[in-house]
Amino acid sequence: MWSFVGTWIVTRSLLLPPQSLVLRCSNNGSLLRIRSKDGNFRFEFAPNSDTNELLTRILETAPDADPSSITISNQPRGNEVKILSLKGRNLQRLGFGHGDLIFVQYQLKSSHANGNISPAPVTQTALEATTQQWDTVQEDPVDIYWRSQPGKIPRGRDFRFCKHGLNGMCDYCMPLEPYDSGYHKEHNIKHLSYHAYLRKITPKQTASASSSLPPLTPLSYRVKVPCSSGGHPSWPAGICTACQPSAITLQPQPFRMVDHLEIASTDVIERFLQAWRKTGLQRFGWLIGRYEPYEKVPMGVKAVVEAIFEPPQQGELDGLTLGWPWEEEPRIRELAAASSVPLTVVGYVFTDLDPTPEDRTKNVYKRHPQSFYLSSVEAIFAAKLQKDYPIHSRSSPTGQFGSRLITAVLTGTEDGQVDIVAYQVSEQAVAMVEADMIEASVEPGIVRVKEEDRSIDSARYVPDVFYSYKNEYGLEVKKSAKPCFPVEFLIVNVTHGFPQNPSPLFQSTQFSIENRPGLEDQSIEQVLKQILQLEAPSFETSSHSPPGQAHKKRALIEWLSDWHLLAFLGSTQLISQEDMKVFMRTATSPTVLEDLTQLDPLLETESWQTLMAFARESAPARPKVAPPPVSTSHNMDEDIPQEVFDQIAAEEATARAAGTSSSRNVRVCPHCTFENDYGGSDCEVCGLPL
């Protein structure tokens, strides 16, 4: 074997297989192994070598490979990344160290007349033109926050073991990693947070390393179509070990995407429960809120619920029928995003309440360890929704991983009260539902594994599925999950609670809730009537507002800061989309009650002026002159005794003599004897003609 510093010499080693190629440079370089369908190869690279050089060496071993289709990975299957998307990055910064094995896959170029065609050189311009998919992902603000934080668990000085000064540090007081198992066990934290799990699986980088390959790989239990080997027809006509999924072992998920569910105010849940309390029918609603850091779990994330939107549905005593797909979803998401603190759909909630026959004020305790926590139907429904609502992540080669959609259930407790329980389903559950491998069973706590199907229209490959548990002797036992297995293997628990000092984004919850026909009806007349009662048409901006309007404007803001009212106004077509954003931003501002000048942009919008014009037109008319007297021959007056009319005439004569009738213009109703002191033609109390 020959090697010279600074000079490349390619030689064959007698100790290596015939297909193994060795390439050496200086003694300070690192050796990388490459495995492809052409064989095993070893290359030695300098510390400053980049992916351009790696691609050149790969093309030397595979002249017929299409450069645009070459992918590299650190494992035999999965986590493949196109080498052109790495843009000539340094190999060490990508996490490749001495002795690492790189798996290479590629597609052959189209056939040419000349059989010996040298691979076209890949220029730096072509590499710079491509962009990594995960680098262009826009993550949630909470993810950006935790990526910028060290995430260490601080510890105070241990006076028993620390022998150093106040400014020193030792093994007994140094900060812990966010995934420290001892800390989680001590504080009874069952799952790692998402970002703590990322810190655990991400390889350690040097100070000069700026990026690495994404550590996460989305699970997929579907057959790869087409097969990477290309040696047989695609599924279902053929299958091999290269394209079929491996056997599945169900196990508890070590992390969770959301650690805590927080309801901003108890009024949100009480208003949602009013429909069930009045009708006894189950209800469903989408949770509108945001994600925030959760300090009680290392690098934790919590979902804060500010409102509940109820889509069209048909409730029943033991279930409900939900309108699907959710047609108003784009409008609701756009409205929620326009808040002063951008909101989104963080989950959904439904009721599962059944009063006990003995005491109707208490509920049946359905969900417990001896029964089930989340039924198989609910778990599969949650998996489908989590698959449809993934989060954006820079730690996944696809730019997406997992979901933060929470499933919340309002159900009966052991003492008959109503409580909230929150769950998510694991990534294994989502992948199994995506591969159409499982279905619900009659028993709510059991999930059934489907049979394999090779028909062309509904092809389904089901690999071996196992699950492990501890038997009565404390031994770990692995058992086949076919034909069924417990649903608990698919569930991830999420804690829940209410804040100690509530500060909800919406000040009111009194407006009628949507999609409750016959129980709570929303109408524009109801809105206009309330606007008149608040005297909103007379409001001016702060620069032209007369004194004494501050308390009236605060009352308007409190009434307008209602999620259900804002969602209804957005559906009336009286307010434009741009003005609706101003309505939402103003109504959810946390300082608008202290700074009333923030109301001025709303009062200046064209939609607000249109709404005020409708309110003025809907106001009841107040004639200045009294209407002509009603004929005594009216059908409604025939049953009134003559003595009542005589008494009314005598009282009116007395009032005229005292000079009060001309000043107050009081008219006594002949039906209910109420004294009406305005110029209308109908009684203010009974509504009958005077």
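This dialogue goes through burial, a barrel and salt bridges in one predicted model.

Reader: What should I know about the model and its numbering before reading side-chain values?

Author: The model is predicted, so local features need pLDDT of at least 70 and side-chain atom pairs count only at pLDDT 80 or more, while totals for chains, interfaces and linings use all residues. Residues are numbered from 1 along each chain as its sequence is written, and side-chain values use heavy atoms, with hydrogens and water left out.

Reader: Is S376 buried or exposed?

Author: Buried means under 20% relative accessible area, exposed over 50%, and partly exposed in between, with a 1.4 Å probe and protein chains only. S376 has a relative accessible area of 1% and is therefore buried.

Reader: How does one read a salt bridge, and where do R404 and D143 lie?

Author: A salt bridge is a side-chain nitrogen of Lys or Arg within 4 Å of a carboxyl oxygen of Asp or Glu, and the count here comes to 28. The side chains of R404 and D143 form one at 2.6 Å, N to O; R404 lies in the loop between α8 and β17, whereas D143 is in helix α3 (residues 141–147), 261 residues apart. Both residues, R404 and D143, are buried.

Reader: Which accessibility classes do E439 and R448 fall into?

Author: Their side chains meet in a salt bridge at 2.3 Å, N to O; E439, at 26% relative accessibility, is partly exposed, and R448, at 31%, is partly exposed.

Technical notes. Helices (H or I, at least four residues) and strands (E, at least two) are DSSP runs, numbered from the N terminus.
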